[in-house]
Amino acid sequence: MEIKIIGLGKMGLNLVANLKSHGHEVICFDINETARLEATNLGATATPSLEELFTAGSAKPAVYWSMLPSGKITEDMMVTCHSQLNTGDILIDGGNSKFADSIHHYHYLKEKGIHFLDVGTSGGMSGARNGACMMIGGDQAIFTQIEQLFSDLCVENGYLYCGEAGSGHYLKMVHNGIEYGMMQAIGEGFNLLHHSRFDYDLEQVARVFNNGSVVRSWLMELTENALRENPTMEGISGQVPSSGEGKWTVEEMLEMQQSAPVITQSLLTRYASMDTEKYGEKVIASLRNQFGGHVIPKG
């Protein structure tokens, strides 16, 4: 199958490698020349401009796969594709777009007869290269038409047609909320072990946790890898950015008046980690001094 990839970041390049290893023809573009060169080295055809990507290839209908960050850059690309793609073409958004945006993109592109699939992609860079997990929303007939593509890109039983437009990115949103909570639990547990009265080898703790225990997982395997590479976490600031999906999950929870305290707290902890000024904590320390004469720690 001929696939046109837009966006050759860490995920996009690994996706190209995966596609090539399964015999697909890949035409691709990225504004970064080095990324285009890397894609060429993988056997893909990289066009020097986005305009040339739209005219390259011979497959009809054409299949495009956008692997761009969510937000304005994806929104702008949808507008561009609306004007450049032909009736019957298929456009896949494999990035982490908000599900409501994907519903809008589906209807917006449908006006011109362009088919849209929203694909939540999990598994990180190694998954994109060696076998991902994908959650697909959009018209079932279009999914069926290119299902072999997902079969090739994913691990066994690693893709799911979820239903109507937006359902793929919705499922990925909740997936990432769960991921937030799981990582938070691992971080808190290993923090307790780090500060405990016992001299644990935390790399070995992660190893034993990941062999036969209830909490064995890929995240625990990654914990073992991280502790092997940097047992003291030296040089790491401790700031944990939030890429958006956790926030969207919490917003959806509030909209539905449901409860997800672990996911919510893990998101708030990430926000707190980014606050290097600690102004609120300084106010609290000052209040303790005001009412109880407690010493104010100096920064």
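# Exercises on a predicted model

The largest nonpolar core has 29 residues. Ile-5, Trp-65, Ile-92, Met-134 and Phe-150 have the most contacts inside this core. The model is predicted.

## Exercise 1: The nonpolar cores

Task: State which helix gives the most to the largest core, list the contacts of Ile-92 beyond its sequence neighbours, and describe the second core.

Solution.

- Step 1. Helix H1, residues 10-21, gives the most to the largest core, with 4 residues.
- Step 2. Take Ile-92 and leave aside its neighbours within four places in sequence. Ile-92 is then in contact with Val-63, Tyr-64, Trp-65 and Ser-66. Leu-117, Val-119, Ile-146, Leu-149 and Phe-150 are also in contact with Ile-92.
- Step 3. A second core is separate and has 20 residues. Among them are Ile-27, Met-78, Cys-81 and Ile-114.

## Exercise 2: The rings around Phe-143

Task: Classify the pairs that Phe-143 forms with Tyr-159 and with Tyr-161, and place the residues in the chain.

Solution.

- Step 1. A pair of aromatic rings is described by the distance of the centres and the angle of the planes.
- Step 2. The search of the whole structure finds 8 aromatic pairs. In one of them, Phe-143 and Tyr-159 have ring centres 6.2 Å apart and planes at 55 degrees, so this pair is tilted.
- Step 3. Phe-143 is in helix H7, residues 140-145, and Tyr-159 is in strand E8, residues 154-163. The pair links distant parts of the chain, 16 residues apart.
- Step 4. For Phe-143 and Tyr-161, the centres are 5.1 Å apart and the planes are at 20 degrees. Planes under 30 degrees apart count as stacked, so the pair is stacked.
- Step 5. Tyr-161 lies in strand E8 and Phe-143 in helix H7, so this pair ties together parts that are 18 residues apart in sequence.
- Step 6. Now check accessibility, with buried meaning under 20%. Phe-143, at 6%, is buried. Tyr-159, at 26%, is partly exposed. Tyr-161, at 21%, is partly exposed.
- Step 7. Phe-143, Tyr-159 and Tyr-161 form one aromatic cluster together with Trp-65 and Phe-150.

## Exercise 3: Helices H9 and H13

Task: Describe how H9 and H13 cross and which residues make the contact.

Solution.

- Step 1. Two packed helices are described by the angle between their axes and the distance between the axes.
- Step 2. The axes of H9, residues 167-194, and H13 come within 8 Å and cross at roughly 70 degrees.
- Step 3. Angles from 65 to 115 degrees count as roughly perpendicular, so H9 and H13 are roughly perpendicular to each other.
- Step 4. H9 makes the contact with Gly-177, Ile-178, Tyr-180, Gly-181, Met-183 and Gln-184. H13 makes it with Val-262, Ile-263, Ser-266, Leu-267, Thr-269 and Arg-270.
- Step 5. Arg-270 lies over the face of Tyr-180, at 3.7 Å from the ring centre.
- Step 6. Thr-264 is also in helix H13, residues 261-273. Thr-264, at 19% relative accessibility, counts as buried. Leaving aside neighbours within four places in sequence, Thr-264 is in contact with Val-250 and Met-253.

## Exercise 4: Arg-129

Task: Is Arg-129 buried or partly exposed, and what is it in contact with?

Solution.

- Step 1. Arg-129 is found in helix H6, residues 124-130.
- Step 2. Arg-129 has a relative accessible area of 30% and is partly exposed.
- Step 3. Leave aside neighbours within four places in sequence: Arg-129 is in contact with Asn-14, Ala-17, Asn-18 and Ser-21.
- Step 4. Arg-129 and Gly-9 are 120 residues apart in sequence and 12 Å apart in space, C-alpha to C-alpha.

Methods. Residues are numbered from 1 along each chain as its sequence is written. This is a predicted model: local features need pLDDT of at least 70, side-chain atom pairs count only at pLDDT 80 or more; totals for chains, interfaces and linings use all residues. Side-chain values use heavy atoms; hydrogens and water are left out. Rings of Phe, Tyr and Trp (its six-membered ring) pair if their centres lie within 6.5 Å; planes under 30 degrees apart count as stacked, over 60 as edge-to-face and the rest as tilted. Helices (H or I, at least four residues) and strands (E, at least two) are DSSP runs, numbered from the N terminus. Buried means under 20% relative accessible area, exposed over 50%, partly exposed in between (1.4 Å probe, protein chains only). A charge sits over a ring if NZ of Lys or CZ of Arg is within 6 Å of the ring centre and within 35 degrees of the ring normal. Contact means heavy atoms within 4.5 Å. A nonpolar core is a set of buried Ala, Val, Leu, Ile, Met, Phe, Trp, Tyr and Cys residues joined through side-chain atoms within 4.5 Å. Axes are lines fitted to C-alpha atoms, for helices over the stretch in contact, and angles run from 0 to 180 degrees between N-to-C directions. Angles under 35 degrees count as roughly parallel, over 145 as roughly antiparallel, 65 to 115 as roughly perpendicular and the rest as oblique.
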